[in-house]
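Reader: I am new to this structure and would like to learn how to read it. Could you take me through some features, one at a time?

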Amino acid sequence: MESTKVPPVLVDVRSDAELSVSRISGAITREQFESDPQSYSGRPVVAYCTVGGRSYLFAAKLVESGLDAVNYRDSILGWCDAGLPLVKADGRPTTDVHPYWRLFKVPDSYQVRMSE
């Protein structure tokens, strides 16, 4: 018998300024998740931010409350290091990324945007 894997819910815990620049396609915001966590019941949560710190704290809070959650430790900059695509809030492709702090290295194939 084949087991059916439930797709995870990808939660972007970055600030509104960061979210206005780009996100990983299919991700929801922390606010969206927290406004109706029951609608994601039974799905593992994968949290991300810029470099993994804020998403670690968010995932740890969810685990403490009994949810199946993990931190995408590489977060959005790791996603960019892998050359994976980003989208704007409206779903259009973009190479813009908000690095949270300018000291974080953004790959050359992406553009640093501190806000829209």
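Author: We can start with one residue, Gly53, which lies in helix α3. Keep in mind that the model is predicted.

Reader: Is Gly53 buried, exposed or partly exposed?

Author: Buried means under 20% relative accessible area, exposed means over 50%, and partly exposed is in between. Gly53 has a relative accessible area of 40%, so it counts as partly exposed.

Reader: How far apart in space are Gly53 and Pro8?

Author: Their C-alpha atoms are separated by 20 Å, and the two residues are 45 residues apart along the chain. Another pair to look at is Ala69 and Arg43: they are 26 residues apart along the chain, and 8.9 Å separates their C-alpha atoms.

Reader: Where is Ala69 found, and is Ala69 buried or exposed?

Author: Ala69 is in strand β4, which covers residues 69-71. Its relative accessible area is 10%, so Ala69 is buried.

Reader: Which other pairs can I compare in this way?

Author: Take His98 and Ser65, which are 33 residues apart in sequence and 30 Å apart in space, C-alpha to C-alpha. His98 belongs to the loop between β7 and β8, and with a relative accessible area of 6% it is buried. Then take Ser22 and Arg113, with their positions 91 residues apart in sequence and 9.2 Å between their C-alpha atoms. Ser22 is in the loop between α1 (16-19) and β2 (28-29). At 0% relative accessibility, Ser22 counts as buried.

Reader: How do I read a phi angle?

Author: Most residues other than glycine have a negative phi. Ser75 has a positive phi of about 50°, although it is not a glycine. Ser75 is placed in helix α4, residues 75-81, and counts as buried because its relative accessibility is 0%.

Reader: What is the phi of Tyr100?

Author: Phi of Tyr100 is near 70°, again a positive value in a residue other than glycine. Tyr100 is found in the loop between β7 (96-97) and β8 (111-112). At 36% relative accessibility, Tyr100 counts as partly exposed.

Reader: Which residue has its charged end over the ring of Tyr100?

Author: That residue is Arg54, whose charged end sits 4.2 Å from the centre of the ring.

Reader: How is a pair of aromatic rings described?

Author: Two values are given for such a pair: the distance of the centres and the angle of the planes. This structure holds 5 aromatic pairs. One of them is formed by Phe33 and Tyr40, with 5.5 Å centre to centre and 25° between the planes. Planes under 30 degrees apart count as stacked, and the pair of Phe33 and Tyr40 is stacked. Both of these residues are buried. Together with Phe58, they form one aromatic cluster.

Reader: Which residues touch the most other members of the largest nonpolar core?

Author: They are Val9, Val11, Phe33, Val45 and Phe58, in a core of 13 residues. Three elements give two or more residues to this core: β1 (9-12), β3 (45-48) and α3 (53-64). Helix α3 gives the most, with 3 residues. Phe33 and Phe58 are thus listed for this core and also for the aromatic cluster.

Reader: How can empty space be found in a model?

Author: Rolling a probe the size of a water molecule over the atoms shows where empty space is left. In this structure, the largest pocket holds about 160 Å³ of space.

Reader: Which residues line the largest pocket?

Author: The lining consists of Phe33, Pro37, Gln38, Tyr40, Ser41, Gly42, Arg43, Pro44, Val45, Leu67 and Asp68. Phe33 and Tyr40, the stacked pair, are among them.

Reader: How many residues of this lining are nonpolar, polar and charged?

Author: The lining of the largest pocket divides into 6 nonpolar, 3 polar and 2 charged residues.

Technical notes: Residues are numbered from 1 along each chain as its sequence is written. This is a predicted model: local features need pLDDT of at least 70, side-chain atom pairs count only at pLDDT 80 or more; totals for chains, interfaces and linings use all residues. Side-chain values use heavy atoms; hydrogens and water are left out. On a 1 Å grid over the protein atoms alone, a cavity is a set of points where a 1.4 Å probe fits but cannot get out, and a pocket is an open set with protein on both sides within 12 Å along at least five of seven lines; lining residues have an atom within 4 Å of a point. Grid points are joined across faces, edges and corners, and a volume is the space filled by probe spheres set on the points. Ala, Val, Leu, Ile, Met, Phe, Trp, Tyr, Cys and Pro count as nonpolar, Asp, Glu, Lys and Arg as charged, and the others, Gly among them, as polar. Rings of Phe, Tyr and Trp (its six-membered ring) pair if their centres lie within 6.5 Å; planes under 30 degrees apart count as stacked, over 60 as edge-to-face and the rest as tilted. Buried means under 20% relative accessible area, exposed over 50%, partly exposed in between (1.4 Å probe, protein chains only). A charge sits over a ring if NZ of Lys or CZ of Arg is within 6 Å of the ring centre and within 35 degrees of the ring normal. A nonpolar core is a set of buried Ala, Val, Leu, Ile, Met, Phe, Trp, Tyr and Cys residues joined through side-chain atoms within 4.5 Å. Helices (H or I, at least four residues) and strands (E, at least two) are DSSP runs, numbered from the N terminus.
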